[in-house]
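Visitor: I am new to this structure and would like a close look at one part of it. Please take chain B, and set it in its surroundings as you go.

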Amino acid sequence: MLTILFDGIAYGMLLFVLAVGLAVTLGLMNFINLAHGAFAMAGGYVTVLLMQRAGVPFMACLPIAFAFSALLGAVLERTLYRPLYHRPHLDQVLFSIGLVFMAIAGVDYFIGSTQLIVQLPGWLKGRTEIGSGEWRLGMGHYRLFIIAVCGALTVALQYALSHTRFGSRLRASVDDQRVAAGLGINVNVVFLSTFAFGSGLAGLGGALGSEVLGLDPSFPLKYMIYFLIVVAVGGTSSITGPLLAALLLGIADVTGKYYIPKLGAFIVYSVMIVILVWRPQGLFVRQHGKA
Amino acid sequence: MNAERPTDAARPALLRANRWKPWEFALWLAAFAAPLADPSHAALISEIAIVALFAMSLDLVLGYAGIVSLGHAAFFGFGGYCAALFAKHVMPDPLVGLAVGMAAATVLGALCSVTILRGSDLTRLMVTLGVSLIMLELANKLDWLTGGADGLQGITIGPLLGRFEFDLGGRTAVYYSLVVLLVFAILARRLVHSPFGATLMAIRDNRLRAMAIGVPVASRLVAVYTIAAAMAGAAGALLVQTTSFASLDLFEFQRSADVLLILVVGGVGWLYGGVIGAVVFKLMQDTLSAITAQYWTFWLGLFLVLLVLVGRDRLIRPWTWLRRRGRV
């Protein structure tokens, strides 16, 4: 019981780190980026390949995965994404689906379609159990690690958004691009760095999650809907919204798969549709936010 | 009141715009002559006709009503599976099966249409995608009924009209598909040129203004979504009947994405867009997958990216490439 809850929280935290970049892209640039999962996949593959072929330790791979995905995001933002910000959503959807297809086929071609497995270092492999009977709580060390890392990231993100100069610039740009630009904020640079940072986080999430979620070329498509659920249900105006949505989704998904495996994903999708029909702007949205 | 009303003067001009053009007759003649000219590719032509019908149904939703959908395969697959199950368990007549598939998809479309009325593009994307994923999941998990991941086998389709057997060469299949496509094209053509179609375009262009001049937005969207679902269901039923096989890939995300691409290649908001797009897409798929079977999605993706970067209006009009782009 508690174990399932714990696993759900770990899963939710992971989803949050993966999807928070997407929330910012969508809220900031109003860009529907279905290719977000491709950045996560890039991070995951960098980690696995570095560990298997170059013998880099796991902990060193995480920052590398972050940096690689961030760089990739920055380059793509500057070259491909920027001309599309003011295009209709249909164009953006087509474009990002195209990117996803290319990423999938590209990885398939260069690395192969088999699922790759991350070799965790020994100190992350164990499992601790507390309590007994109905209330027994089994914590995998790796999941504990995920929760710690993601929790720290969340706190850092929240702090950066609300207390730093960059955070206030970002919030200003989200609220009203034109006024922000008029106040002398270089919105393009804000966009670029945010996009890169969001992609980097996705890469980090991919690296962390490759053990839990599994890593194969179809990763971007398989989890695209999950990222989108987090963003659509959580709303794009704060980071607490996506965080709560991700936790909810994680717990619901793990519980559903554990208790009623026949209907697993079915429940998640149905709940999503009901929520979106009921509150199209997301569950946790300020009442008087921008439209 | 003997003064001539202004609408009387405008009527001939408006009607002329909707008349059948000579090239349309030529296109249909060519379509029906194609299987005779090249009998070995009858199966491919039949598949093109089915995909064209599917794309046309998406065009009603996307091109005319402006609803971005990533889950149109839900109706395609549902129609297909229902037709397959009907043929297997009730009776093998293809036309009745087609009607059953359509009816089932219509009901599903009417149910789902309430979900696309509210929210932004993103919400609609998610909801339509969610519906198709649910259908996929259902077809996968209800394996006692649908055969699960193995697909539904052992479907026998009776002769068409009691006379024409579905043979291996695919002659019956290709004409069956083409005739159904023609019937639906005529109906859809009539629909979009009617006042109903005009109100749809008004909703697409500016929903608020359409509402202000008294267009019942919600009921129009429900109606068009249901009609499009019925057409998609017919396309799915056709595919199942002509191939005698139903599998999970009827519901796959890839199918929804493909049909979106087909429509965009041919041109959105134009009924023949789906037909042209289907021809281009299927021929491209056929050649590319003959060269690189496994990685053809890469070229598909590259094509999509280029299409959007160049501008989808400009790619199909090469004479605008040299002109400088005006206001975006």
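Guide: What follows is a walk through chain B, with chain A brought in where the two meet and for background.

This is a predicted model, so confidence comes up along the way. For the complex as a whole, the predictor gives an ipTM of 0.75 and a pTM of 0.81. Chain B has a mean pLDDT of 81, and 90% of its residues reach 70 or more. One stretch of chain B, residues 324-328, stays under 50, and the model has 1 contact beyond four places in sequence for it. Where pLDDT is low, the predicted coordinates should not be read in detail.

A place to begin is helix α3 of chain B, which covers residues 42-64 and holds B:Ile50. B:Ile50 counts as buried because it has 29 C-beta neighbours inside 10 Å, and 20 or more are needed for that label. Apart from neighbours within four places in sequence, the contacts of B:Ile50 are B:Ser177, B:Ala235, B:Leu238 and B:Leu239. B:Ile276 stands 226 residues from B:Ile50 in sequence, and 13 Å separate the two in space, C-alpha to C-alpha.

B:Leu53 can be read in the same way. With neighbours within four places again left aside, B:Leu53 is in contact with B:Val180, B:Leu181 and B:Phe184, and also with B:Met231, B:Ala234, B:Ala235 and B:Leu238. B:Ala235 and B:Leu238 thus appear among the contacts of B:Leu53 and among those of B:Ile50.

B:Leu53 also leads to the largest nonpolar core, which has 199 residues. The residues with the most contacts inside this core are B:Leu53 and B:Ala234 from chain B, along with A:Ala19, A:Leu94 and A:Val230 from chain A. The largest share of the core, 17 residues, is supplied by helix α1 of chain A, residues 2-29.

Next comes helix α11 of chain B, which runs over residues 217-243 and includes B:Thr243. Two threonines of this helix can be set side by side. B:Thr243 counts as buried, since 20 C-beta neighbours lie inside 10 Å. B:Thr226, also in α11 of chain B, has 19 C-beta neighbours inside 10 Å and therefore counts as partly exposed. The cut-off for buried is 20 or more. B:Thr226 is in contact with B:Thr106, B:Gly109, B:Ala110 and B:Ser113, leaving aside neighbours within four places in sequence. B:Val61 is 165 residues from B:Thr226 in sequence and 9.4 Å from B:Thr226 in space, C-alpha to C-alpha. For B:Thr243, the C-alpha atom is separated by 9.5 Å from that of B:Phe166, 77 residues apart along the chain.

A pair of helices in chain B comes next. Two packed helices are described by the angle between their axes and the distance between the axes. Helix α2 of chain B, residues 22-37, packs with helix α8 of chain B, residues 171-192, at an angle of about 170 degrees, and their axes are 9 Å apart. Angles over 145 degrees count as roughly antiparallel, so that is the label for α2(B) and α8(B). On the α2(B) side the contact has B:Trp28, B:Ala31, B:Phe32 and B:Pro35, and on the α8(B) side B:Arg171, B:Val174, B:Leu178 and B:Leu182. By class, this contact has 7 nonpolar residues, no polar residues and 1 charged residue.

That leaves the side of chain B that touches chain A. Here 37 residues of chain B are in contact with 37 residues of chain A. Within chain B, α6 (121-141), α12 (253-266) and α14 (296-310) each supply at least two residues of this side. The largest share, 13 residues, comes from α6(B). Sorted by class, the residues on this side of chain B are 24 nonpolar, 8 polar and 5 charged.

For chain A, the average pLDDT is 80, and 91% of the residues score at least 70. Among the elements of chain A, helix α3 (residues 58-81) has the highest mean pLDDT, 86, and strand β1 (residues 127-130) the lowest, 69. Residues 287-291 of chain A stay under 50, with 2 contacts beyond four places in sequence in the model.

Definitions and conventions:
Residues numbered from 1 in each chain as written. Chains lettered and ligands numbered in written order. Predicted model: local features only at pLDDT ≥ 70, side-chain atom pairs only at ≥ 80, totals over all residues. Contact = placed C-beta atoms within 7 Å. Helix = DSSP H or I, 4+ residues; strand = E, 2+ residues; numbered from the N terminus. Nonpolar A, V, L, I, M, F, W, Y, C, P; charged D, E, K, R; others polar. Core = buried A, V, L, I, M, F, W, Y, C linked by C-beta atoms within 7 Å. Buried ≥ 20, exposed ≤ 12 C-beta atoms within 10 Å, placed from the backbone. Axes fitted to C-alpha atoms, helices over the stretch in contact; angles between N-to-C directions. Parallel < 35°, antiparallel > 145°, perpendicular 65-115°, else oblique. pLDDT = per-residue confidence, 0-100.
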